[in-house]
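Biologist: Hello! I am new to this structure, so could you walk me through it?
Modeller: Gladly; have a look at it, then ask away.

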Protein chains: 2
Amino acid sequence: MEYRKIKDEDDDGGTVSDDIESLKGKGFPGVVSISNVPPKEQAKWKRKTIVTLALTFLTSSQAILIVWSKRAGKYEYSVTTANFLVETLKCALSLAALARIWKSEGVTDDNRLSTTLDEVIVYPIPALLYLVKNLLQYYIFAYVDAPGYQILKNLNIISTGVLYRIILKKKLSEIQWAAFILLCAGCTTAQLNSRSDQVLQTPLPGWIMAIVMALLSGFAGVYTEAIIKKRPSRNINVQNFWLYIFGMAFNAVAILVQDFDAVMNKGFFHGYSLITTLMILNHALSGIAVSMVMKYADNIVKVYSTSVAMLLTAVVSVFLFGFNLTLAFFLGATVVSVSVYLQSAGKMQR
Amino acid sequence: MEYRKIKDEDDDGGTVSDDIESLKGKGFPGVVSISNVPPKEQAKWKRKTIVTLALTFLTSSQAILIVWSKRAGKYEYSVTTANFLVETLKCALSLAALARIWKSEGVTDDNRLSTTLDEVIVYPIPALLYLVKNLLQYYIFAYVDAPGYQILKNLNIISTGVLYRIILKKKLSEIQWAAFILLCAGCTTAQLNSRSDQVLQTPLPGWIMAIVMALLSGFAGVYTEAIIKKRPSRNINVQNFWLYIFGMAFNAVAILVQDFDAVMNKGFFHGYSLITTLMILNHALSGIAVSMVMKYADNIVKVYSTSVAMLLTAVVSVFLFGFNLTLAFFLGATVVSVSVYLQSAGKMQR
């Protein structure tokens, strides 16, 4: 009874660290049993599981759409306009969700759209970090090819773990660190192919850029979690609205800088097709799912969710596109599975 | 003080399970700190570390000798005569060690060579199991090639873990099981090459034989440990003598069955060279090291020792033979390293 009381107080007026504390010890969704847990905890656990599964499903179908679009031939649309539309759609969906909430609950301090400079000043930072990362992406291809880049992207896993520890000041047990290293090694193993060894010949500037990009991406993810968790009672749709507004702004600048001529001459929607539309819809929904995971779970869950999605994509591609699974894939999938178990076991041990 | 007293009593009149108990909680050699441990425990720990390092070094140099002999061209010697000489040399070395002990300590109940039927009756079993396994080895090559067989041999790791649990009735923590799965996946990953995927096309009889061979090999290892640990105070050289005498006998039969004509026409030592001699010497010493590890450590340590040796061999081969390390090797080595850590962490947790 005492425990429940303290928990309820946390939910009403908790600070960041309270909120983080209240998320601890619940283990990894899908692994920990939910029996003997009070109803409110169960509801939280259910919400966490739903957003995690949604992110896994959306990330996985995103990769499948990319394979599909590649097979269907190249579409000559501007990537920057597509990115802008993704941010706009996310903004619109957040507003629609808010409208429903205002109707049912009325406007409160937690769900009103108006904000203070103090609250809003940090929101452009993740969007800015992603922009810098995307700019670097053009230069790294001078040193590695696309499959090599896919492999180097697994460094994100380690950088997310390290920055999660440093910025959010959450302690990870030794078993959890071991699990992170395994997740990175397992994902890379699953992606191995006959040409992967070329990655080892990456020159030093390529390695440095890959590490910087991993740090930028990890920092953006962890920083977003910090922003969202800083005000636990604030409605997630308001937080999303402000995140995406700045996303729209930065992507508008990107259109002007990179694709101004193409948009002017051929029109904003030139080269769009059914697949392009589906991909924009999918990106928007998975973007929202990422925010939800940041709010109700954390970056560790996000990293695992997207890694498992990568494995699911490969399995689904066997049926959809007749891909073959390699021995390396099975080995990598085994290591990733053990890592999922250890992450949950390490959390309970802590 | 109480603790020391109980430990000393264990050493004097301990049963199998006492002996096993006294080995528990000391972790994996080379990982656990030895500070704050009583001197007798430290001596035991030192002995365990020395035999483990010896096994790792000998196994590693064994593999290097094999590569060297392959590079030097094929030698047309009879494998059965070489195996017989290995067993004979092990027997001779055990007797030499015993002679020294008899000189310094005199003949006691624990170090006398004479034995009872009750003690000796189980000694032929491991030798028999290895014989059956070696016979199967000729047939499995109808289904898989040599590199494929190397990969399937990693099933030994899992079978050793399972049989260690069943036969020696030692409980393994969940973390230790996870470590076993990782060791198997990591070793296989480290051995991946462009043709490894062919293993997945192994027909069902090939898989069954591979699993049966893994079980036979695991059973032989675990059974040897059970025999040696059953009489903890019995001198290891006497135990080795009886193990190797039966090894000699079975290998003599193998010469008669397989290479009788070759030995009769070309002589016992036909085709022997310096490398053959070195390999026989190395096999004999590593055989003794395996027995020592069974006596002073266990099958888990043996499995890790030989796995780490496999990785060391690859690294040394880079310098000796100009081999290239693959990305798969680095990933596999990472997973094996994490597995070593988890095995030690899991042991302490238990």
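Modeller: One term to begin with: contact means heavy atoms within 4.5 Å. This is a predicted model, in which local features need pLDDT of at least 70, side-chain atom pairs count only at pLDDT 80 or more, and totals for chains, interfaces and linings use all residues. Residues are numbered from 1 along each chain as its sequence is written, chains are lettered from A and ligands numbered from 1 in the order in which they are written, and side-chain values use heavy atoms, with hydrogens and water left out.

Biologist: What share of the interface residues of chain A are also interface residues in chain B?
Modeller: The two copies meet through the same surface. That is because the share of interface residues of chain A that are also interface residues in chain B is 100%.

Biologist: Which kind of axis relates chain A and chain B?
Modeller: Copies are superposed by least squares on the C-alpha atoms of residues with pLDDT of at least 70 in both. Chain A falls on chain B, with an RMSD of 0.1 Å, after a rotation of 180 degrees and 0.0 Å of shift along the axis. That is the relation of a two-fold axis.

Biologist: Which residue of chain A comes closest to the rotation axis?
Modeller: The distance is taken at the C-alpha, and it is 2.9 Å. The residue is Ser194(A).

Biologist: Is Thr276(A) buried or exposed?
Modeller: Thr276(A) lies in helix H13 (residues 274-296) of chain A; helices (H or I, at least four residues) and strands (E, at least two) are DSSP runs, numbered from the N terminus. Buried means under 20% relative accessible area, exposed over 50%, and partly exposed in between (1.4 Å probe, protein chains only). With a relative accessible area of 3%, Thr276(A) is therefore buried.

Biologist: Leaving aside neighbours within four places in sequence, which residues is Thr276(A) in contact with?
Modeller: One partner is far off in sequence: Tyr77(A) is 199 residues apart along the chain, with the C-alpha atoms separated by 8.4 Å. The contacts are Tyr77(A) and Gly271(A).

Biologist: How many helices does chain A have?
Modeller: Chain A has 350 residues, of which 49% count as buried. Its secondary structure has 0 strands, and the helices come to 15.

Biologist: Among contacts in chain A between residues at least 6 apart in sequence, what percentage join residues at least 24 apart?
Modeller: Thr276(A) and Tyr77(A), 199 residues apart along the chain, are in contact. For chain A, the figure is 84%.
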